[in-house]
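Subject: A structure to look through

Dear colleague,

I am passing on a structure for you to look at, and my notes on what was found in it follow below. Please open it first and keep it beside you while you read.

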Amino acid sequence: MAKSFAIVGAGVSGLTCGVLFAERGFRTVIYAEKIGQQTTSGAAAALWFPYDAEPVGKVIPWALATYKVLVDLAAEKRPTNAGKLDRLNRSSSESGVSMIELRQYCRVGKASIPDWAQPFVISTSPSVMSSEAETSLTISGSVFSSGFSINVPLMDTMIYLDYLANRFQKAGGEINSNVRFDKLEDVDPKFDLVINCAGIGARELAYDVDLEPHRGQVAIVPKIDKMKCAIVCDDAPLMYVIPRTNDCVFGGTNEISDNLEVDSETTKTIVVECSRALNIDEPCVLNERVGLRPFRKSGVRLEREKLRDGRTVIHNYGHGGSGFTLSWGCAENVFEIADSSG
Ligand SMILES: Cc1cc2nc3c(=O)[nH]c(=O)nc-3n(C[C@H](O)[C@H](O)[C@H](O)COP(=O)(O)OP(=O)(O)OC[C@H]3O[C@@H](n4cnc5c(N)ncnc54)[C@H](O)[C@@H]3O)c2cc1C
């Protein structure tokens with residue numbers, strides 16, 4: 001196996017690979033133009049849920065492997081001042097990962113529960129969906145026709161991306177930001193193996209015309225105290241409400257576009273639709289974020305290739321709307337490929 005690894009990219013894919021390699025004792029350095037909050041990963045709602053990524057036959061096993069790791073992270077509670085473990089506070093895990101009830105709705109017809117979701121089902125009963133006792137909020141009955149709910153991990157990106165970066169550095173990893181490569185061969189030749197986690201940047205870096213920017217915009221609003229579950233409806237218009245540790249994410253959009261500028265009209269539409277569904281007054285907007293989901297038409301690219309200088313690169317990009325959901329499963333797969341590369 002190679003002895004030193006350079007990872008291009010410091011979003012969730014690059015950082016997760018970094019943690020995995022560094023903690024297994026390999027010299028690993030991350031190079032990235034942007035890190036953490038500035039990346040697409042920093043704009044994500046970051047619920048575990050396979051969405052807008054192909055092919056299903058690979059996506060689901062990667063997602064399920066990731067689920068297991070995230071469940072463990074959610075259970076690692078931060079010690080309280082008294083030195084006791086706080087198991088009651090959902091947001092107290094050091095990693096920013098918590099388990100949350102996700103209510104998946106549709107506006108028309110009957111929501112069908114995918115096979116992979118069966119083990120995580122909490123409720124299939126529409127009456128529970130609108131129960132005030134369950135949500136502590138009245139989910140407007142006129143908005144949705146049906147739904148189901150499942151127990152899933154939620155990564156609070158404001159905490160989780162820093163957690164990954166710190167964990168990587170603690171294991172001896174090094175992060176170099178503000179480094180932009182024109183081609184993968186520009187990575188320092190002292191590294192035996194390069195791991196390409198460039199997200200949508202792989203269009204230029206790996207000359208990949210199959211990558212398509214699926215633009216997403218979200219509004220960050222103040223924490224809604226009564227909001228105890230996440231709500232998603234992916235009938236058009238896509239709509240979701242994700243309560244985080246210190247705020248709440250209202251979403252969203254999914255359109256093919258490279259435009260990274262915030263559109264204030266879109267924010268307004270998102271806030272109106274989410275407030276209507278929750279039956280609450282429209283909250284103020286604390287922040288607006290835009291990210292480009294790196295969707296790859298022929299599926300997530302996770303494979304080895306030879307660079308022109310003879311070195312091996314392992315590509316790990318094209319996760320679309322599921323970068324967090326697939327992160328640990330894909331990182332483990334990257335490791336297996338590196339291990340078999342001799
Ligand atoms: C609004 C929105 C909501 C989302 N919600 C979810 C969700 O709930 N759950 C989920 O699983 N996923 C979600 N996603 C998708 C998820 O955010 C992406 O799949 C994920 O962030 C991709 O991560 P990545 O690390 O591969 O790429 P990125 O986060 O884009 O990171 C790419 C890295 O590569 C670097 N880079 C690129 N090109 C170069 C270059 N030439 N030289 C040097 N460095 C370079 C960048 O600077 C960056 O560090 C959402 C996305 C959006 C936009």
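Which residue is the bridge partner of Ala 6 in strand 7? Before the reply, please keep in mind that this is a predicted model. The bridge partner of Ala 6 in strand 7 is Val 194, and strand 1 and strand 7, which covers residues 193-196, pair in the parallel sense over four bridges.

These strands belong to a wider arrangement, in which six strands form an open sheet in the order 6-2-1-7-15-14, with mixed pairing. Strand 6 (174-176) and strand 14 (301-306) stand at the edges and have a single partner strand each, so one side of each is left without a neighbour in the sheet. If direction is ignored, neighbouring strands of this sheet are turned by 20° against each other on average.

Two helices can then be placed against these strands. Helix 1 lies across strand 1, strand 2, strand 7 and strand 15 (312-317), and runs at about 155° to strand 1. Helix 9, in turn, lies across strand 7, strand 14 and strand 15, and its direction is at about 165° to strand 15.

Helix 1 also has a helix as a partner, since its axis and that of helix 6 (residues 157-170) come within 9 Å and cross at roughly 30°. Angles under 35 degrees count as roughly parallel, and helix 1 and helix 6 are therefore roughly parallel to each other. The crossing in which helix 1 passes helix 6 is left-handed. On the side of helix 1, the residues that meet helix 6 are Val 12, Leu 15, Thr 16, Gly 18, Val 19 and Ala 22, while helix 6 brings Leu 161, Leu 164, Ala 165, Arg 167 and Phe 168. Sorted by class, this contact of helix 1 with helix 6 has eight nonpolar, two polar and one charged residues.

Finally, there is the ligand. Of the 44 residues around the ligand, those that come nearest are Gly 11, Gly 199, Gly 201, Gly 216 and Gly 323. The elements that each supply at least two residues of the shell include strand 1 (4-10), helix 1 (12-23), strand 8 (211-222) and helix 9 (323-339), and the largest share, four residues, comes from strand 2. By class, the shell around the ligand is made up of 21 nonpolar, 19 polar and four charged residues.

With best wishes

Technical notes
Residues are numbered from 1 along each chain as its sequence is written. This is a predicted model: local features need pLDDT of at least 70, side-chain atom pairs count only at pLDDT 80 or more; totals for chains, interfaces and linings use all residues. A residue is near a molecule or strand if its C-beta atom, placed from the backbone, lies within 6 Å of it. Ala, Val, Leu, Ile, Met, Phe, Trp, Tyr, Cys and Pro count as nonpolar, Asp, Glu, Lys and Arg as charged, and the others, Gly among them, as polar. Axes are lines fitted to C-alpha atoms, for helices over the stretch in contact, and angles run from 0 to 180 degrees between N-to-C directions. Angles under 35 degrees count as roughly parallel, over 145 as roughly antiparallel, 65 to 115 as roughly perpendicular and the rest as oblique. A crossing is left-handed if the near helix is turned anticlockwise from the far one by less than a right angle, and right-handed if clockwise. Two residues are in contact if their C-beta atoms, placed from the backbone, lie within 7 Å. Two strands pair if DSSP finds at least two bridges between them.
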